[in-house]
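Work through the following exercises with the model open beside the text. Each task is followed by a solution that proceeds step by step.

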Amino acid sequence: MSAMKKFLLVCLFLQLPALARAGTPASGMSEAERYARRCQSQAAYRIARPQGTMLWGTKRDWDTEKVTEERSSVLVSAELAPLRQADAGVKALRLEGGHLVASPAPEAGGVTSGVVGTVLQGTDSNGRPVAVAICGAEPSPEEPGMVFYRIEAWNAVAQEWENPCVALDRVTDSRALAVSGFWDASGAHHEAPGKLTFACQNGAIAKCILWGYKPWASRDGQPLAGLHQACTRMARADYCGNGRNHTHQDTTIDMYDRLGLIQRTTEASEEWDPAKASFEAAWAPDGATCLARTRDGRALETILQECPNRFQKGAVTELDGGERCTVRRADVHPGSALLRNLSTAPVQGR
């Protein structure tokens with residue numbers, strides 16, 4: 001594997017609020033009228049894999065004037081049944097690996113038949129219901145069993161269907177992957193029968209899947225769900241395991257895991273110079289097991305204050321490969337971590 005394929009360029013940026021669509025909000029609109037208006041936008045989209053600080057990759061709130069924190073989302077999860085709208089005969093959806101299947105399956109078959117056009121019952125981070133429409137489905141060229149979905153959710157503020165995924169320069173119409181279970185505000189994953197997460201391309205959940213940590217898969221008999229969850233913590237520098245990121249935009253990191261799916265980069269490239277990088281942290285599904293320093297340059301003391309009693313000071317620990325932790329978890333041995341990462345010193349003045 002070349003250095004270009006092994007390094008991971010992680011552009012960490014603040015989540016951008018999305019502009020509500022213009023127009024006078026409709027009033028007194030029936031449910032049938034709302035469903036008839038779903039999936040009208042057919043804007044072009046493309047596959048791209050930029051990094052970000054977001055977990056779900058969704059907008060924080062439909063109200064663009066409202067100040068919201070990073071641990072909120074307009075769409076946290078969706079129910080596979082009962083369906084709010086579906087093709088004739090389709091009663092529910094089920095998740096098979098990386099794609100949805102209509103149940104009972106339509107005669108046409110295939111990984112998208114009976115799925116596109118379906119409206120599911122979703123929930124936002126405040127527990128409020130939100131309708132979610134599946135407007136398009138495109139199997140991944142690399143893995144046909146994994147499907148990218150173009151989704152729209154009902155924006156009660158603008159009274160319109162809108163893509164809940166955050167749009168960025170390199171992904172102007174972000175799609176989503178369907179992942180079993182849901183993630184709460186702390187970034188913890190929960191398996192829940194009948195629930196799924198639409199993980200948008202600009203969020204850590206989807207990023208880690210695209211890197212190769214598919215939570216429904218296994219490697220040498222070992223499930224990858226734990227690695228995927230640890231990756232979502234690492235990608236956002238969520239040291240405390242509380243859902244808060246500690247990153248800056250355009251930060252480059254290198255990561256590597258215990259199973260060898262991704263190996264440490266040893267060759268220099270235009271984007272990554274191993275000689276300028278140093279060990280940052282080791283990672284478990286619930287956050288960092290130990291740290292050498294922070295990714296965004298803040299003092300380690302601020303992390304200790306953010307999650308008191310989690311890390312021990314003055315507990316220097318040597319890891320294999322010549323890496324060293326300066327603070328470590330009291331309840332977990334650093335060597336049990338599933339992932340580790342390197343990063344370069346942050347640019348001053350950020």
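**Exercise 1. Determine how many aromatic pairs the structure holds, and classify each by its geometry.**

Solution. The structure holds 2 aromatic pairs, where rings of Phe, Tyr and Trp (its six-membered ring) pair if their centres lie within 6.5 Å, and planes under 30 degrees apart count as stacked, over 60 as edge-to-face and the rest as tilted. Take tryptophan 154 and tryptophan 161: their ring centres are 5.5 Å apart and their planes stand at 70°, so this pair is edge-to-face. Next, the rings of tyrosine 239 and tryptophan 283 have centres 5.4 Å apart and planes at 20°, so this pair is stacked. Tyrosine 239 belongs to the loop between helix 4 and strand 14, and tryptophan 283 to strand 15, so the contact ties together parts that are 44 residues apart in sequence. Helices (H or I, at least four residues) and strands (E, at least two) are DSSP runs, numbered from the N terminus.

Finally, check burial, where buried means under 20% relative accessible area, exposed over 50%, and partly exposed in between (1.4 Å probe, protein chains only). Tryptophan 154 is buried at 8%, and tryptophan 161 is buried at 3%. Tyrosine 239 has 0% relative accessibility and counts as buried, as does tryptophan 283 at 0%.

This is a predicted model, in which local features need pLDDT of at least 70 and side-chain atom pairs count only at pLDDT 80 or more, while totals for chains, interfaces and linings use all residues. Residues are numbered from 1 along each chain as its sequence is written, and side-chain values use heavy atoms, with hydrogens and water left out.

**Exercise 2. Place strand 15 in its sheet, and state which strands lie at the edges.**

Solution. Begin with the order of the open sheet, whose 6 strands run 14-21-15-16-20-17 with antiparallel pairing; two strands pair if DSSP finds at least two bridges between them. The edges are strand 14 (253-257) and strand 17 (311-312), each of which pairs on one side only. Then look at strand 15 (residues 277-284), which 4 bridges join to the antiparallel strand 16 (residues 287-291). Within this pairing, alanine 281 stands opposite leucine 291 in strand 16.

**Exercise 3. Is helix 4 mostly covered or uncovered, and what follows it?**

Solution. Helix 4 (residues 225-235) is mostly covered, with 9 of its 11 residues buried; among them are Leu227, His228, Cys231 and Met234. After the helix comes alanine 237, whose phi is positive, near 55°.

**Exercise 4. Examine the salt bridges, and find which residues join Glu323 and Arg340 in one network.**

Solution. A search of the whole structure finds 23 salt bridges, each being a side-chain nitrogen of Lys or Arg within 4 Å of a carboxyl oxygen of Asp or Glu. In one of these, arginine 84 meets glutamate 31, with the closest N and O atoms 3.3 Å apart. Arginine 84 lies in the loop between strand 1 (77-79) and strand 2, and glutamate 31 in helix 2 (residues 31-36), so that distant parts of the chain, 53 residues apart, are linked. Arginine 84 is partly exposed at 24%, and glutamate 31 is likewise partly exposed at 43%.

Turn now to glutamate 323 and arginine 340, whose side chains form a salt bridge of 2.8 Å, N to O. Both glutamate 323 and arginine 340 are buried. Salt bridges that share partners join these two with Arg264 and Asp320, giving one network of Arg264, Asp320, Glu323 and Arg340.
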